[in-house]
Every structure is written in structure tokens, then in C-alpha cells.
Amino acid sequence: MIDYAQKIPNNVNLANDRTLQRALEHWQPKFLDWWGEMGPHDFAGADVYLRTATGVDAQGWASYGAVKMPDYRWGIFLADPVAERKIGFGDNFGQPVWQQVPGELRSQFRRIIVTQGDTEPASVEQQHLLGHTCPSLYDLRNLFQVNVEEGRHLWAMVYLLHAYFGRDGREEAEELLARHSGDADKPRILGTFNQPISDWLSFFMFTYFTDRDGKFQLKGLAESGFDPLSRTCRFMLTEEAHHMFVGETGVGRVVKRTLEVMKELGTDDPQAVRAHGAIDLPTIQRYMNFWFTSSLDLYGSEVSSNAASSFANGIKGRPDESQYEDHMCTDASYELEAPEGRQTVSLRNAMNEVMRTAYIKDCEIGVKRWNMQIQRAGFDQRLALASPRFHRAIGAWANMPIDPQGNLIGREQYERRLADWLPSESDRAFVRSLMQRVVEPGKIAGWLAPPDRGINNLPVDYEYVRLQ
Ligand SMILES: [Fe+2]
Ligand SMILES: [Fe+2]
């Protein structure tokens, strides 16, 4: 069970390790300062109906209630250990998992934990001002739920750094609060996490596409041979599911409202839809293109010796490693489509691509649901995931003039058509113009449909955030 009497709630027996406890209690006020400065702007006094982790049981692991965000109990929770757990992949396949970081893998593990940890506070920073323009109290609550849990994910990684990496780890934990999203001097490590999220359509796209990258990264790390990392990530995945729910239902509600307006007006003309206060489907598609392709870059290059060594050493496995038969992948190969033509590379070197492919498949599920809505409304348009070659900044296809269908085209034509494929300044200005704050219980902005149901069986018109 989780010890809530402690300053830092935890299920890792922190009280029995005074040195570690002191170090984390020293970091805690710095975290709270960071939250106060970079977290949700202006809502410190609001009572928010939040879930807080209270155990790691599959049933009933959270409690719900009104909390002021600065009082949220950020804690350290690891999923229960699996008895006799063995390393499930790579050169050490079948050996007992490690309870300490093997010395020779220390810097590799540290880098991967820091990179994961860096994304968590980054997303809170990206959404710093978003609360001001919430389309409803229900949505505002969901934003804050995601924010506090990303804060907890930062705690999860900081715990590992403090507990297993000594002084280097403590220094890295400080740096996690010193880098900031979009900062000119000290930006966050990964590109996507330096993009501002200043409108709610972007927020829904981010939670759909970028939190889903998080899911796949965590799934890979949940396979890790370093058991505390695996257990940490397994519990984070429980929380992560809600973030993607926010994204999928959020985009779905935008599409629903757009379809209502299209039906009412009897036209799919984007200008007419916009004049009626809804977001036209082509604009939704352009936002999808932007966040999907930006999230694809998070997996890294198609061919990567780093990914190979991470797999070989038992640091990061493939998501759901147990679905595969071959866990060594020493002789296996992988077929890749590169700009120069088809390539055969060793499977270990293609691990990034294996993960990206699994991610893309998962992304398709929501898109199919949104298209079902469009089809049922009787319209012919369809939303689609862009080709993974389009608009890439990393890997073999980086910076190439490729259209969303994946065709190589002339550079000039590419530049000319980019505004059809990615949100233009005027798209962004239009979407921003819709972002009007709606904070009466049960009321909802005109550019999206209300949710089908409320949180934790409460009605949709429940006062999820009580503003002061
Ligand atoms: Fe997270
Ligand atoms: Fe998340």
C-alpha cells in the first residue's frame, strides 16, 4: 500500500532509506516552485475534481475528489514486482532482471531515463496558458488531470535518478527543472516538446498523437531488464491511458460538432463551416498532419546503432515483447523503404522503425472511429494519417519534398502546397479566435460537442473545477 503519512507518498519504503528520503525531500520544494511558475497559470486556488493514485492494484488504484493543484499528492509508485522476472530480450535474455543498474550500462540507462523524464514537465510547460481558454469545466478538469499526472511522471523518473544514479542522478534531477519548453538557451531535449500548445485543438492532437508516443516508449521501457524502471513504467501506463482518452474523445467531439454544422448548412464548404463557428475538416486534417508527423520523429532514425545496443543490452525492448517469438534478433533482418530504394538491415538496427510501425497502427484506431462518424453523417470526406515520409525532421526522409501520400515531388511545388497540408498562420489564427473561455457548469463552447459522459460516473454538468 501507499504510505500517505509521508511527505512524499510512496510504495517504495522511502522511510527506510533516510539518505534517499532526504535527497527527495530536498528536491520537492524545487518541484513545487517549478509547478508554481511553469504549471497551469492562474488556477492555484481552484478546486479541481482530480484522481490521485492511492495504490497500484488494477482495481481501484485511484481516489477522486476536489483538490487544489499545488496540494496534489505527487508520489512515487511502482507496479508490484513480478516474482522471478527474467530479462525478456537481447543478449541477456533469460537471465534474472537487475535490481541495480549494471555499471557498464549506467550512462545508457541514465540517458534514456533523463530523456523520458524531460518530456513530462515539458508538456506541462507547453500547456501553461491553456486553462484560460477552456471550452468547458469538464475539459479544464481533464487538462489539469493530465498536467498533474505528467508532474507525477517526472517524480517517477526523478526517483530512479536519485535512487540508482547517485550524484549524477541528483544533478540530472535539477536539470529536469532547469530546461524549459521552447527556451532559447535551455530547451527541452526533444523537438515536439518545444512546440507551444496554445489552442485546444492542438491539445487534443497532442494527447492523441504525442501521449501515444509516450505509451509506446513506456511499453518499451516496461520490458527493461532494470526492474525498478520496468515497474515504474508499468504503473505510468495506467495513468497514460486517460491522456489518450482525452485526445481521442476530444478530436471526436470536434469532428462531431463540425458534422452537425455541415448538416445544418447542407455544405462542406470550409468557409461556411468556419463562419458558423466550427472547425472545417481540412483544418482538422492539417492539425493531424502536424502532430502526427512531429510525433513520428520521436522514435528516431530508421537505422540506429543506439537502438540496437539498447535492445542488445536489455535496456529497452519492443512494446509487448512477448508477442514475438524471437527475443534475441541476432540474425533477423528487416526490410526498410529508404529514399535510395529498398534496404535490408539487421532487425536490431531497425528497432526504432519497429516501434514506430506499431505506433502508427495504434494511431489508425481513432482515425477509423472519426471516419465512421463522418460516414454515418453521410459525407464523403475522410481523415487520414499522412505518409510517415511526409514532413519529417529526423531519419532517412528528413527535409525531403514529399507529399502527404508519400510521393517525392518538386521542391517548389512542395513549398507552394505546404499550406494545404500543414496548419497555416491563418488556420492557427482562426482556431485561436474560437478559443473563448466557457466556465459555467454544463456549458460548452460552440466548436465542439459535449462529452458523452462525465468523469467517474458524475454528470456532464458537474462543476469539475470550482474557480475562486
Ligand atoms: Fe507522462
Ligand atoms: Fe501523458
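How many bridges pair E3 with strand E4, and in which sense do the two strands run? The first legend has the answer; keep in mind throughout that this is a predicted model.

**View 1. The E3–E4 hairpin.** Strand E3 (residues 333-338) pairs with strand E4 (residues 341-346) over six bridges, in the antiparallel sense. A hairpin of two residues takes the chain from E3 to E4. If you want a pair to look for, Leu 336 has Gln 343 as its bridge partner in E4. In a regular strand, side chains alternate between the two faces of the sheet. E3 shows a covered face made of Tyr 334, Leu 336 and Ala 338, while Ser 333, Glu 335 and Glu 337 make up the uncovered one.

**View 2. A three-stranded open sheet.** Here the strand order is E2-E1-E5, with antiparallel pairing. Strand E2 (62-68) and strand E5 (465-466) sit at the edges with a single partner strand each, so one side of each has no neighbour in the sheet. Strand E1 (residues 47-53) is joined to E5 by two bridges. Look for Val 48, which stands opposite Val 465 in E5.

**View 3. Iron ion (ligand 1) and its protein donors.** Three residues supply the protein donors: Glu 120 (OE), Glu 150 (OE) and His 153 (ND1), at 2.0 to 2.2 Å from the ion. Read along the chain, the donors of this iron ion (ligand 1) follow the spacing E-x29-E-x2-H. The pair Glu 120 and His 153 links distant parts of the chain, 33 residues apart: Glu 120 belongs to helix H2 (residues 106-126) and His 153 to helix H3 (residues 137-164). Glu 120 and His 153 are both buried.

**View 4. Iron ion (ligand 2), next along from the shared glutamate.** Glu 150 bridges the iron ion (ligand 1) and the iron ion (ligand 2), and the two ions are 3.5 Å apart. For the iron ion (ligand 2), the protein donors are Glu 150 (OE), Asp 211 (OD), Glu 240 (OE) and His 243 (ND1), lying 1.9 to 2.2 Å away. What makes the arrangement of the four donor atoms irregular? The angles they subtend run from 83 to 169°, and that spread is why the arrangement counts as irregular. In sequence, the donor residues of the iron ion (ligand 2) are spaced E-x60-D-x28-E-x2-H. Asp 211 comes from helix H5 (residues 200-222) and Glu 240 from helix H6 (residues 227-265), so this pair ties together parts 29 residues apart in sequence. Both Asp 211 and Glu 240 are buried.

**View 5. Helix H5, bent and covered.** Asp 199 caps the N-terminal end of H5, with a side-chain oxygen 3.0 Å from the backbone nitrogen of Leu 201. Further along, at Phe 206, H5 bends by about 35°. Its end C-alpha atoms are still 31 Å apart, which agrees with the 33 Å that 23 residues should span at 1.5 Å a residue. As for cover, 23 of the 23 residues of H5 are buried.

**View 6. Helix H10 and the glycine after it.** Helix H10 (residues 351-376) has 26 residues and reaches 39 Å from its first C-alpha to its last, close to the expected 38 Å. Just after H10 comes Gly 378, with a positive phi of about 85°.

Note on methods:
Residues numbered from 1 in each chain as written. Chains lettered and ligands numbered in written order. Predicted model: local features only at pLDDT ≥ 70, side-chain atom pairs only at ≥ 80, totals over all residues. Heavy atoms only, no water. Donors = N, O, S within 2.8 Å, 3.2 Å for Na, K, Ca; no water. Tetrahedral: all angles 85-135°; square planar, octahedral: opposite > 155°, others 65-115°. Helix = DSSP H or I, 4+ residues; strand = E, 2+ residues; numbered from the N terminus. Buried < 20%, exposed > 50% of the residue type's maximum accessible area, 1.4 Å probe, protein only. Expected span 1.5 Å × (residues − 1). Bend = angle between axes of the 7 residues up to and from the residue. Polar contact = N/O pair within 3.5 Å; in protein donor to acceptor, adjacent residues only side chain to side chain. Pairing = 2+ DSSP bridges.
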